[in-house]
Amino acid sequence: MAKNTVRQDEKLNEIVKRDIIKRLYSYLKPYKFEVFQVLVLMGVVIGVNLLNPYFFRLGIDEYIANKDIKGLFLLGGLVILINIVSMICSRWRIKKMARITNNILVTIRHQLYEHIQKLSFEFFDNRPNGKIIARIIGDVNSLNNLFTSSVTNLIPDLVTLIAVVVIMISMNLKLALVSLVTLPFLLVFMFLVEVTCRKRWQLFRKKNSNMKGYIYENFSGIRVVQSFAAQDKTSRGFSEILAELNAAFIKAAKASDLFWPLVEISWGVGSVIVFWYGVKLLNTGEISVGLLVAFISYISMFWRPIMNLSNFYNNLITNMAAAERIFEIMDIKPDIEDKKCAKTMPKIKGNVVFRHVNFSYDDNEIVLKDINFSVKAGETIALVGPTGAGKTTIVNLIARFYDVDSGEVLIDGYNVSDVRLETLRSQMGIMLQDTFLFSGTIKENIRYGKLDATDEEIIKAAKAAYAHDFIMKLPNGYDTDINERGTRLSVGQRQLIAFARALLADPRILILDEATSSIDTHTERLVQKGIERLLKGRTSFVIAHRLSTIQNADRIFVIDDGRIKEMGNHDELMRMKGIYYNLFMSQFKFLDNKKAV
Ligand SMILES: Nc1ncnc2c1ncn2[C@@H]1O[C@H](COP(=O)(O)OP(=O)(O)OP(=O)(O)O)[C@@H](O)[C@H]1O
C-alpha cells in the first residue's frame with residue numbers, strides 16, 4: 001500500500017455508484033417498520049397537498065359560481081381541519097426520521113471503528129491518524145442529510161410527482177403533455193453535470209481529510225512545534241491547506257450550482273407554455289376557469305418535487321464521495337487475520353523459535369534476512385545493534401503484527417500464523433518506548449492489563465512495580481485523573497505505571513522496548529528494579545538500552561543489517577571481540593554505571 005502523508009491527497013479505489021447506493025440503503029433495512037410509518041405520515045401530508053387545489057376548484061366552480069356561501073364555509077372548515085392534521089403528521093415524521101438517521105449513523109460509525117481497530121499495523125503505517133478520524137467523524141456526518149432526504153424527499157417526491165402527473169392527465173391530457181415538454185432537456189443536463197460534480201466533491205473530501213490530518217499531526221506534536229518555535233511555519237502550512245480546501249470547495253460548489261438554474265429555467269419556461277396553452281383552451285371553452293386555476297396549482301406541485309429530486313440528486317452526489325471513502329475502508333481486509341482453521345493458542349510456556357525468517361515492510365528492501373534462533377521459556381534476551389538494524393521488526397513478528405515473507409515464527413511449537421490472534425496476543429505483554437496512557441484514572445490505566453482485576457490486585461501490581469509510593473503521594477491516589485498520554489506524569493512515573501499494567505496482565509512472553517530518556521536517579525533505580533521484577537519468570541525480549549539489562553540478560557542478540565551477527569552472554573561476546581565488543585566499547589561503556597547498579 002502506498003504511503004500517504006497529510007499533504008498528499010488519498011487515492012481512492014473506485015466503487016461503482018450503484019453499489020454505493022445499494023450499500024447505503026441496506027442500512028435502512030432494519031428500520032423497515034419505522035420507515036413505513038414515516039411514509040404513511042408523509043402520505044397523509046402529500047394527500048392533503050394534492051387535495052388542496054381540488055378544493056379550490058370545487059370552491060370556485062361549485063360554491064362561488066352557485067353563490068353557496070354556507071357550502072363554501074363548510075368546505076373552508078374542512079380544508080383548515082385536514083391541513084392541521086397534515087401539519088401534525090409532518091412534525092411527527094421529522095422526529096421519527098431524525099431518530100432513524102441518527103441510529104444509522106451510530107451503526108456506521110461503530111462498524112467503521114470496529115473494522116479499523118482490526119486492521120494491521122501496515123494500515124496505520126501508511127496513513128496519518130487524522131485522516132482516519134476524518135473518515136469516522138466527518139464522512140459519516142455527511143451521510144446524515146442523505147438518509148433523511150432519501151426517505152423524506154425521494155420517495156414522497158416521486159409519489160407526489162406520479163400522483164400529480166396522473167391527476168393532470170385526468171384533468172386535461174393536452175395541458176398535461178405541454179407541461180412535460182421541458183423535462184427531457186433537464187434530465188440530459190443533469191446526467192452531464194453529475195460526472196463532474198462527483199469528481200469535484202471527491203477532491204473536496206480528500207482536501208478536507210488533509211486538513212484534519214494536518215491539524216491532528218501538528219497538535220499531537222505541539223511540544224515539538226513549540227520547542228522549535230515552528231508555529232509560523234505550521235500556520236503557513238495550514239493556510240496553504242485551507243486555500244486548497246477552499247479552492248476545491250468552490251470548484252465543487254460551482255458544478256453543483258449548475259443544477260438549480262436549469263431546474264428553475266425549465267420550471268419557468270414550462271409554466272409559461274402551460275399558461276399560454278391554457279388560455280387558448282379557455283378561449284375555445286375546452287376547460288373551465290376553475291380547472292385552469294387548479295391546473296396551475298398542480299403545475300407548481302409538479303415542479304416542486306422535481307426541484308426537490310434534483311436537490312436530492314445533488315445531495316447524493318455531494319455525499320457519495322463520503323460514502324465511497326467509508327466503504328473503501330470497510331472493504332480493506334486486515335492483512336493479519338485469523339486463518340479459517342486457526343487454533344486456540346494454549347497457555348503459553350514461552351519457547352520462541354525463528355526459523356529462516358525473511359521479512360520486508362514493502363517490496364523494496366529486505367529488512368530481516370534469514371533470522372534463526374531458539375529461545376527457551378523464561379530466558380531474557382537483550383536485542384542490541386545499531387539504529388535501523390531490525391530489532392523492533394523482530395519483536396513485531398513475535399506478536400504477529402506483520403506476517404513473515406518466508407520462514408516460521410513458532411511459539412511452543414505453534415506457528416504464530418496458525419493460531420487465533422486474540423489468544424496469542426492476550427498472553428503477551430508489549431511495552432513500547434513511548435508509554436501510552438489513556439485519559440482516565442491511574443487505577444483504570446493499570447486495570448487495562450487485566451480488565452476484571454480487583455482494586456487489591458491493582459495495588460499489588462503497583463507495589464510490585466514500585467509505583468505504589470508515588471501514586472499514594474498524588475492528590476487522589478489511584479483515583480487521580482491523568483490526561484491523554486499521561487503528560488501530567490513524569491516519564492519515569494509513566495513507565496512505572498506501564499510496568500504495573502504489564503505485571504497485572506502477567507504475560508508469558510514480554511516484549512520491552514526500553515526507554516532511552518534520562519530520568520532522575522531515584523526513579524531510574526525504581527525503573528530498573530521494576531524491569532527486573534517484570535522480566536523474572538517469563539520469556540523476555542528487551543530492546544535494551546540499559547547496561548544493567550544487557551549485562552543481566554541470559555543472552556544478547558547482536559543485530560546488524562537485518563541479521564543476527566552475534567549471540568551469547570555479555571562475557572562471551574566481550575571475549576569474541578566482535579561487533580558487540582566494539583558496540584560496548586563505543587556506546588554502553590559510557591552509559592551511566594551509577595544507574596546500572
Ligand atoms: N513500518 C515500516 N514501514 C517500512 N519500513 C520500516 C517500518 N518500520 C521500520 N522500517 C524499516 O525497517 C528497518 C528496521 O527497522 P527497525 O525499527 O526494526 O530497526 P531498529 O533496529 O528497531 O531501530 P531503532 O533502534 O532505531 O529502533 C529500517 O530500515 C526501517 O527504516
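Two strands are taken to pair if DSSP finds at least two bridges between them. In this predicted model, that condition is met by strand β1, residues 352–359, and strand β4, residues 406–411, which pair in the antiparallel sense over five bridges. Within this pairing, Phe354 has Val409 of β4 as its bridge partner, and Val352 is partnered in the β4 strand by Ile411.

The β1–β4 pair belongs to an open sheet of four strands, arranged in the order β2-β1-β4-β5 with antiparallel pairing. The edges of this sheet are formed by β2 (368–375) and β5 (414–415), each of which pairs on one side only. Strands β4 and β5 run antiparallel and are joined by two bridges, and in β5 the bridge partner of Leu410 is Asn415. The connection between β4 and β5 is a hairpin with two residues between the strands, and in its turn Asp412 has a positive phi of about 50°. Helix α12, which comprises residues 391–398, lies across β1, β2 and β4 and runs at about 120° to β1.

A second open sheet contains six strands in the order β6-β9-β10-β3-β11-β12, and here the pairing is mixed. Strands β6 (428–431) and β12 stand at the edges with a single partner strand each, so that one side of each is left without a neighbour in the sheet. From one strand to the next, the twist averages 15°. Parallel pairing is found between strand β3 (residues 380–384) and strand β10 (residues 539–543), which are linked over four bridges, with Ala382 standing opposite Val542 in β10. Helix α12 packs on this sheet as well, touching β3, β9 (509–513), β10 and β11, and the direction of the helix makes about 150° with that of β10.

Antiparallel pairing in the six-stranded sheet is illustrated by strand β11 (residues 555–560) and strand β12 (residues 563–568), which pair over five bridges. In this pair, Ile559 stands opposite Ile564 in β12. The two strands form a hairpin with two residues between them, and Asp561, which lies in the turn, has a positive phi of about 50°.

Helix α12 also contributes to the surroundings of the ligand, giving the most to the shell, with three residues. The residues around the ligand are Asp125, Tyr361, Asp362, Val367, Gly385, Thr387, Gly388, Ala389, Gly390, Lys391, Thr392 and Thr393. When these residues are divided by class, the shell has three nonpolar, six polar and three charged members.

Apart from the sheets and the ligand shell, the model includes helix α7, which extends over residues 183–220 and has 38 residues. From its first C-alpha to its last, helix α7 reaches 54 Å, close to the 56 Å expected at 1.5 Å a residue. A kink of about 30° is nevertheless present in α7, and this kink is centred on Glu194.

Key: Residues are numbered from 1 along each chain as its sequence is written. This is a predicted model: local features need pLDDT of at least 70, side-chain atom pairs count only at pLDDT 80 or more; totals for chains, interfaces and linings use all residues. Two residues are in contact if their C-beta atoms, placed from the backbone, lie within 7 Å. Axes are lines fitted to C-alpha atoms, for helices over the stretch in contact, and angles run from 0 to 180 degrees between N-to-C directions. The expected span of a helix is 1.5 Å times one less than its number of residues. The bend at a residue is the angle between axes fitted to the seven residues ending there and the seven starting there. A residue is near a molecule or strand if its C-beta atom, placed from the backbone, lies within 6 Å of it. Ala, Val, Leu, Ile, Met, Phe, Trp, Tyr, Cys and Pro count as nonpolar, Asp, Glu, Lys and Arg as charged, and the others, Gly among them, as polar.
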